[in-house]
2 protein chains.
Amino acid sequence: MDGRSGRGARTRDALRRSAFRLFLAEGYEKVTVARIAAGAGVSHMTFFRHFPTKEDVVLRDEYDPMLEELVRSRPADHPPVERVRHAVTTALPAVYREERDALYLRARLILRTPALRARMGESAASSSLAFERGLTPPGEDPAPAVRVIAAACTAALTTAITLWVEDEGRAELPDLVEDAFDALVNAAGGPS
Amino acid sequence: MDGRSGRGARTRDALRRSAFRLFLAEGYEKVTVARIAAGAGVSHMTFFRHFPTKEDVVLRDEYDPMLEELVRSRPADHPPVERVRHAVTTALPAVYREERDALYLRARLILRTPALRARMGESAASSSLAFERGLTPPGEDPAPAVRVIAAACTAALTTAITLWVEDEGRAELPDLVEDAFDALVNAAGGPS
DNA sequence: CTCACAGTGTTAGTAACTCACACCATACAC
DNA sequence: GTGTATGGTGTGAGTTACTAACACTGTGAG
């Protein structure tokens, strides 16, 4: 049981905290898994029992199920992009108010570390899957068009986060996300 | 000079061929870099001089500059998605006729190998950059909206390839790409 | 108390990658 | 020819992410 309560979850959190503390202080590459584990008072094997790879400490997040539910909860006759957009703009501000700094530092760490940036596509794919599922009635397979749209929405979201980090966090992420979805919706007809 | 002629390019190609032969026969994970190198008659160090990682033998491609040029060559007052779409639907059929099988086997290998799938986002990012550049006048920085659109087009393209492989290559990739761009363009207003 | 079991530690691997440095082949000067 | 750059390659030793096998411990149920 690798669940979310009990001793397991506590060392898991300790490992994550130890990892971020070290990564932010010294950079991802300079920190070995052994030191992360030592910082959490466990051995390197325990690290790998909780996170399949070093990259996963940073990349894994838990937002997907929430996003899927939020998308599903919008009326099915609304345009799919709007369903996704509404889900995101509903969920984001709450998270954003609570953990803006942590969110920014994490995004910056990912985008500035080649090894992490390289594996970002995987997180994106998993968000995309959540959108696909939210847009599809339970039991059915997502239609090809739905998969394209889900992937495009994910691309918009990822681009917004990238712009946020390039801007060094001065702009407000929810605004950038709004702009990104606007750009996506206007893509077909609008001028360059 | 790691260019495209001379002894360097020859061993580079030999390494790529050796790698694909072994990967397709035994699977990506079972094959070590040392064996790839041996198959090309060189040492493992030579492998890493030509490809920074094992994954790069499969993931690196050379289409980006061509795509950028094709996008740029379309009139700048056309909608950006159409410029990208035209570039892709122009370039793809030629490549497709010549190397359909190689293309399919490569795509399948990537999508079915976790380590390669995980790093697909990196290739996607590089195609996206090519689109951004093609959509932006030289010397200028790509506008945020352009970056969203480029990323969305890349997502459409990637989704089409994924569907092609899931379909086991029965459908024609150019058709799937057309459908994916249709879905993208109709995303804003169309029904679910 | 005992038993079950999840969580952890130890040890010993494999394989991807890096570094330092020496070697060789082609090419061009003289 | 002989020298001499230079790009490509080999050797060998090292670091680190990750895996496998197996033994240990603490906690909770009966």
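This tour moves through a predicted model with two chains, from one whole chain to the pairing of the copies and then to individual helix contacts.

The model is predicted, so local features need pLDDT of at least 70, side-chain atom pairs count only at pLDDT 80 or more, and totals for chains, interfaces and linings use all residues. Residues are numbered from 1 along each chain as its sequence is written, chains are lettered from A and ligands numbered from 1 in the order in which they are written, and side-chain values use heavy atoms, with hydrogens and water left out.

**Chain A as a whole**

Begin by selecting chain A. Its C-alpha atoms fill a box of roughly 55 × 40 × 30 Å along the principal axes. Chain A contains ten helices and zero strands; helices (H or I, at least four residues) and strands (E, at least two) are DSSP runs, numbered from the N terminus. Along the sequence the pattern reads α-α-α-α-α-α-α-α-α-α.

**The annotated regions**

Next, select residues 9-69 of chain A, where an unreviewed UniProt entry places the feature "domain: HTH tetR-type". UniProt positions are given in the numbering used here, with feature names shortened, and annotations may be inferred rather than shown by experiment. This span is 72% helix and 0% strand, and its end C-alpha atoms are 24 Å apart.

Narrow the selection to residues 32-51 of chain A, which the unreviewed UniProt entry records as "DNA-binding region". Here the chain is 70% helix and 0% strand, with the end C-alpha atoms 14 Å apart.

**The two copies together**

Now display both chains. A turn of 180° and a shift of 0.0 Å along the axis lay chain A on chain B with an RMSD of 0.0 Å. The two copies are thus related as by a two-fold rotation axis. The superposition is by least squares on the C-alpha atoms of residues with pLDDT of at least 70 in both copies. Of the interface residues of chain A, 100% are also interface residues in chain B, so the copies meet through the same surface. Contact means heavy atoms within 4.5 Å.

**A helix pair between the chains**

Select helix α9 (residues 144-166) of chain A and helix α10 (residues 173-185) of chain B: their axes come within 9 Å and cross at roughly 60°. Axes are lines fitted to C-alpha atoms, for helices over the stretch in contact, and angles run from 0 to 180 degrees between N-to-C directions. The crossing is right-handed, that is, the near helix is turned clockwise from the far one by less than a right angle. A145(A), V148(A), I149(A) and A152(A) meet A180(B), A183(B) and L184(B). This contact has seven nonpolar, no polar and no charged residues. Ala, Val, Leu, Ile, Met, Phe, Trp, Tyr, Cys and Pro count as nonpolar, Asp, Glu, Lys and Arg as charged, and the others, Gly among them, as polar.

**Around helix α8 of chain B**

Select helix α6 (residues 80-112) and helix α8 (residues 120-135) of chain B, which pack at about 155° with axes 12 Å apart. That makes α6(B) roughly antiparallel to α8(B) (an angle over 145 degrees). The contact includes V84(B) and V88(B) of α6(B) and F131(B) and L135(B) of α8(B). Its residues divide into eight nonpolar, one polar and one charged.

Finally, add helix α5 (residues 64-72) of chain B, which packs against α8(B) at about 30° with axes 7 Å apart. α5(B) and α8(B) are therefore roughly parallel (an angle under 35 degrees). Among the contact residues are L67(B) and V71(B) of α5(B), and A130(B) and F131(B) of α8(B). The contact comprises five nonpolar, three polar and four charged residues.

Conventions
Parallel < 35°, antiparallel > 145°, perpendicular 65-115°, else oblique.
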